[in-house]
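Trainee: I'd like a close look at just one part of this model, please. Could you take it slowly, since I'm new to this?

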Amino acid sequence: MKIALVGIGKIAVDQHVPAISGSADWELAATVSRHGTVDGVEAFADMAEMLEARSDIRVVSLCLPPVPRFEYAMQALKAGRQVMLEKPPGATIAECHALEAAARDAGLSIYATWHSRHADMVAAAKAWLADKELLSLTVTWKEDVRRWHPGQAWIWEPGGLGVFDPGINALSIVTEILPDDIHVTKAELDIPTNCQTPIGAHIAFHHPKGAQVSAVFDWRQEGDQTWEIEAVTEVGTLKLSDGGAVMEVDGMRTGDAAPLGGEYPRLYDRMAQLVRKGEIDMDLRPMTLATDALALGRRNPTDPFFD
Ligand code: NAP
């Protein structure tokens, strides 16, 4: 199937282009980006022009930041294209509902991707936790913003999510592996005085069966990066590390993939499946947790951030 990639920036180049080239399902037939291009692929600077000129391309994958994404997605749906959305699927929950409704009305597929859910050991962690009594779950997601978002001003602007941009990856794993839904009860947000979004966050969650669930997100970590989820149950402790690529149960380790390894090829496999079956996959639970933490969070001003 021919696909167009929209927003040729860091994640498009690092992950989407290689995943599409390595897939038997997809052919990268066009790009839409104001500055970026991909060698050997027809490039458009304007979405409407691409949709008009390339009626042979029926699927569009959007790799833009969350705020501009809605307009592009709606334009694609109105032009009868199936749509794949980078995470988070939009800037607000309401606009994601609007996109889903538009896709449903038009009989088109739409996919809110959560790449971290496709990390190597997430399915195994979900299976292990399925029949255990959870006592506590702790998320530690600490990385260096300068390394993963070099020069990206949008992450500090309203709707950019700040440290919830990576933190939502952890929330996408937690909502996938826990058999019960959780919700946010309290949050503390460290916000640089020159930014609109947090650089650090502590979050507490309600668990329906009384487990202690919490998360710490921090974008100020230099050196080794930490993407860990530890779940203590009545019969043992499960630890997911490297963003879900590695799992340990009571210290016994399985999995040796690199962080992000295999995630994007699996997203494109899933999109191919959705398009073939004419289905929709829009799980907004990670986004609900992130936006609720931002709504409830106490704002603590902290040192200004300079890239
Ligand atoms: P990025 O490089 O800053 O942006 C992607 C591209 O979107 C830009 O190159 C730009 O292309 C276009 N764009 C930016 N602002 C725009 C605007 N206001 N209107 C229209 N187009 C705009 O960002 P990214 O790191 O690739 O992240 C994009 C999405 O991928 C985010 O939702 C992020 O959460 C997700 N993601 C990122 C990473 C990562 O490690 N960075 C990992 C996984 C997922 P043109 O200027 O050429 O139009």
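Trainee: Which helices each supply at least two residues of the lining of the largest pocket?

Mentor: Five of them fit that description: helix 1 (10–21), helix 2 (47–53), helix 3 (66–78), helix 7 (164–177) and helix 8 (263–277). Those numbers come from DSSP runs counted from the N terminus (helices: H or I, at least four residues; strands: E, at least two). Before we go in, remember that this is a predicted model, in which local features need pLDDT of at least 70 and side-chain atom pairs pLDDT 80 or more, while totals for chains, interfaces and linings use all residues. Residues are numbered from 1 along each chain as its sequence is written, and side-chain values use heavy atoms, with hydrogens and water left out.

Now the pocket itself. The largest pocket has a volume of about 980 Å³ (the space filled by probe spheres on grid points joined across faces, edges and corners). Its lining has 47 residues, and Lys 10, Ile 11, His 149, Gln 152 and Trp 154 are the closest to its centre. On a 1 Å grid over the protein atoms alone, a pocket is an open set with protein on both sides within 12 Å along at least five of seven lines, a cavity is a set where a 1.4 Å probe fits but cannot get out, and lining residues have an atom within 4 Å of a point. Sort the lining by type and you get 23 nonpolar, 13 polar and eleven charged residues (Asp, Glu, Lys and Arg are charged; Gly counts as polar).

So what sits there? The ligand takes up the space of this largest pocket (more than half of its atoms lie within 2 Å of the grid points). Helix 1 and helix 3 are the elements that give two or more residues to the shell around it, and helix 3 has the largest share, with four. There are 26 residues around the ligand, with Ser 33, Arg 34, His 35, Trp 154 and Asp 165 coming nearest (a heavy atom within 4 Å). That shell splits into twelve nonpolar, eight polar and six charged residues.

Some polar contacts (N or O pairs within 3.5 Å) are worth finding on screen. Oxygen atoms of the ligand lie 3.3 Å from a backbone N or O atom of Ile 8 and 2.8 Å from one of Arg 34. With Asp 165 it is a side-chain N or O atom, 2.6 Å from a ligand oxygen. Altogether, the protein covers 84% of the 870 Å² of accessible area that the ligand has on its own (Shrake-Rupley, 1.4 Å probe).

Finally, peek at the largest cavity, with a volume of about 40 Å³. Pro 88 and Leu 161 are among the residues lining it, and helix 9 (residues 285–296) gives the most, three residues. Its lining has six nonpolar, three polar and no charged residues. Most residues other than glycine have a negative phi, and most peptide bonds are trans. Yet a cis peptide bond joins Lys 87 and Pro 88, with omega about -15°, and Leu 161 has a positive phi of about 75°.

Notes: Polar contact = N/O pair within 3.5 Å; in protein donor to acceptor, adjacent residues only side chain to side chain.
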